[in-house]
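The following exercises are to be worked through with the sequence and the model at hand. Each task is followed by a solution in steps.

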Amino acid sequence: MTTLAAARRIMQRCALLASCSEEASCLTRPYGSQALLRAQALVADWMRDAGMQVRRDSVGNLIGRYDGERDARALLLGSHLDSVRDAGAFDGPLGVLLALACVERLEARARRLPFALEVIAFADEEGLRFHTAYLGSSALAGAFDTAWLRRRDSAGVALAEAVRAMGGDPAAIAAAARRPEELLGYLEAHIEQGPLLETLGLPVGVVTGIQAQSRCELCFTGQAGHAGTLPMAHRRDALCAAAELVLAAEALARSEAGLVATVGQLTVAPGASNVVPGQVRFSLDVRHADDGILARAVAALEAEAARIAARRGVALEWVCGQVTPAVTCAPELTVLLEAAIAAQGLAAPRLASGAGHDAVMLARITPVAMLFVRCAGGVSHHPAEAVALEDVAVALAVLEEVLERLAKQHAAEAGV
Ligand code: HGY
Ligand code: MN
Ligand code: MN
């Protein structure tokens, strides 16, 4: 099968996986959902057809292993299969299917590398349902906080229940952890989710690092009341307090280079048009490439939220659910990616990742590197997300070139 034909199959499979959704009108595939299980079943079949041993770990990550000729250590490849709400078809699945295609093409040539390959389809990178990113890769990195098991989704279902729905075991999450000595590294291909490669007119780029991220959950509690009879001067309107904080976050992010702040989820209670909002719960996602700048920005926003609460006579709850430090990709893998891109006759731009990725967690236990693939208009976390067939073919060729260069390195080190 030519590289272009393999790329076409990847695109077809991305489309098929996109039909696995919890919502009929759009693509939404959260952790623990039947849609995710259907998507995993398709990928598991493709993995088995590629001669891989397939398993699910105790948190529900799907893992396919392709043994090597003489080294049991594994190079991990992959990305995530879960999605955000109203998602595109490529954020996550493209990386899983590019990795799988590398193994399929090795199997088709009856070629075994000196080391093992493991393709991982992480079960929850986005944190759509329980608001903690990287649940799947956290477990694999031994960084899963068992307190998360008590988190509940909007329907009140505990994360522990979702783990069981994924075929996992909440009492054995630690068993998913991988030992650094059994790994050679982690390589993830992912759409860029930004406009740089398109601006440069290039199909792929090399990721230098992934910015730090803080995910907080906020709640203002005031007093619900009659929209017609409660005088403005007597109101403790929780939504007006939240609105002030939302705009304060935007203003702070606009004032600091490289800082981004987003309120993506907001729930108003009791949620009637003729009732003054008594309580507002909302998310706050703040990111920066520098851990210190991020920490100071989050602290400044927490102080501002307290001032707003005092001024308006409302109560404030501020829970910082998760902080993930900035991660630098491993130079020894990054130079291989650059050489593999150059071998295609292409320039190899270096770019930082504003988006989070499972590589953030894997970096705790093994060297990581990421290959970005151009996406139309830089659009992502949106149904208009799109990649070009030719760019997927280039990404596949680059990954295969990296594997061959790693195999040569490995052979040289082994003196064979
Ligand atoms: O939020 C992110 O950056 C990623 O899509 N989880
Ligand atoms: Mn992603
Ligand atoms: Mn995403």
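## Exercise 1: Ligand 1 and its surroundings

In this predicted model, an oxygen atom of ligand 1 is 2.6 Å from an N or O atom in the side chain of R287. Describe the further polar contacts of ligand 1, its burial and its shell.

**Solution.**

1. Begin with the nitrogen atoms of the ligand. A polar side-chain atom of E125 is found 2.8 Å from a nitrogen atom of ligand 1. For E126, the distance between a side-chain N or O atom and a nitrogen atom of ligand 1 is 2.9 Å.
2. Consider burial next. In isolation, ligand 1 exposes 210 Å², of which the protein buries 94%.
3. Locate the site: ligand 1 occupies the largest pocket.
4. List the shell. E125, E126, R215, R287, A355, G356 and H381 surround ligand 1. Sorted by class, this shell comprises four charged, two polar and one nonpolar residue.

## Exercise 2: The two manganese ions

Identify the protein donors of each manganese ion, and state which residue bridges the manganese ion (ligand 3) and the manganese ion (ligand 2).

**Solution.**

1. Take ligand 2. This manganese ion is coordinated by H80 through NE2, D91 through OD and H190 through NE2, at 2.0 to 2.2 Å. The sequence spacing of these donor residues is H-x10-D-x98-H. Distant parts of the chain are linked here: H80 belongs to strand β3 (residues 71-80) and H190 to strand β5 (residues 183-191), 110 residues apart.
2. Take ligand 3. The protein donors of this manganese ion are D91 (OD), E126 (OE) and H381 (NE2), at 2.1 Å from the ion. Their spacing in sequence reads D-x34-E-x254-H. E126 lies in the loop between β4 (115-122) and α4 (135-140), and H381 in the loop between β16 (368-373) and α11 (389-414); the pair, 255 residues apart, again links distant parts of the chain.
3. Compare the two donor lists. D91 coordinates both ions, which are 3.4 Å apart.
4. Relate the metal site to Exercise 1. E126 and H381, donors to the manganese ion (ligand 3), are also among the residues around ligand 1.

## Exercise 3: Backbone geometry

Which peptide bond is cis, and what is the phi value of D86?

**Solution.**

1. As background, most peptide bonds are trans, and most residues other than glycine have a negative phi.
2. The bond from A269 to P270 is cis, with omega near 5 degrees. P270 is placed in the loop between β10 (266-269) and β11 (275-276).
3. D86, a residue other than glycine, has a positive phi near 55 degrees. D86 is situated in the loop between β3 and α3 (93-108).

Key. Residues are numbered from 1 along each chain as its sequence is written. Chains are lettered from A and ligands numbered from 1 in the order in which they are written. This is a predicted model: local features need pLDDT of at least 70, side-chain atom pairs count only at pLDDT 80 or more; totals for chains, interfaces and linings use all residues. Side-chain values use heavy atoms; hydrogens and water are left out. A residue is near a molecule or strand if one of its heavy atoms lies within 4 Å of it. A polar contact is a pair of N or O atoms within 3.5 Å; within protein, one must be able to donate a hydrogen and the other to accept it, and residues adjacent in sequence count only if both atoms are side-chain atoms. Accessible areas come from the Shrake-Rupley method with a 1.4 Å probe; for residues, only the protein chains shown count as cover. Ala, Val, Leu, Ile, Met, Phe, Trp, Tyr, Cys and Pro count as nonpolar, Asp, Glu, Lys and Arg as charged, and the others, Gly among them, as polar. Donors are N, O and S atoms within 2.8 Å of the metal (3.2 Å for Na, K and Ca); water is not among the atoms, so sites may look incomplete. Helices (H or I, at least four residues) and strands (E, at least two) are DSSP runs, numbered from the N terminus.
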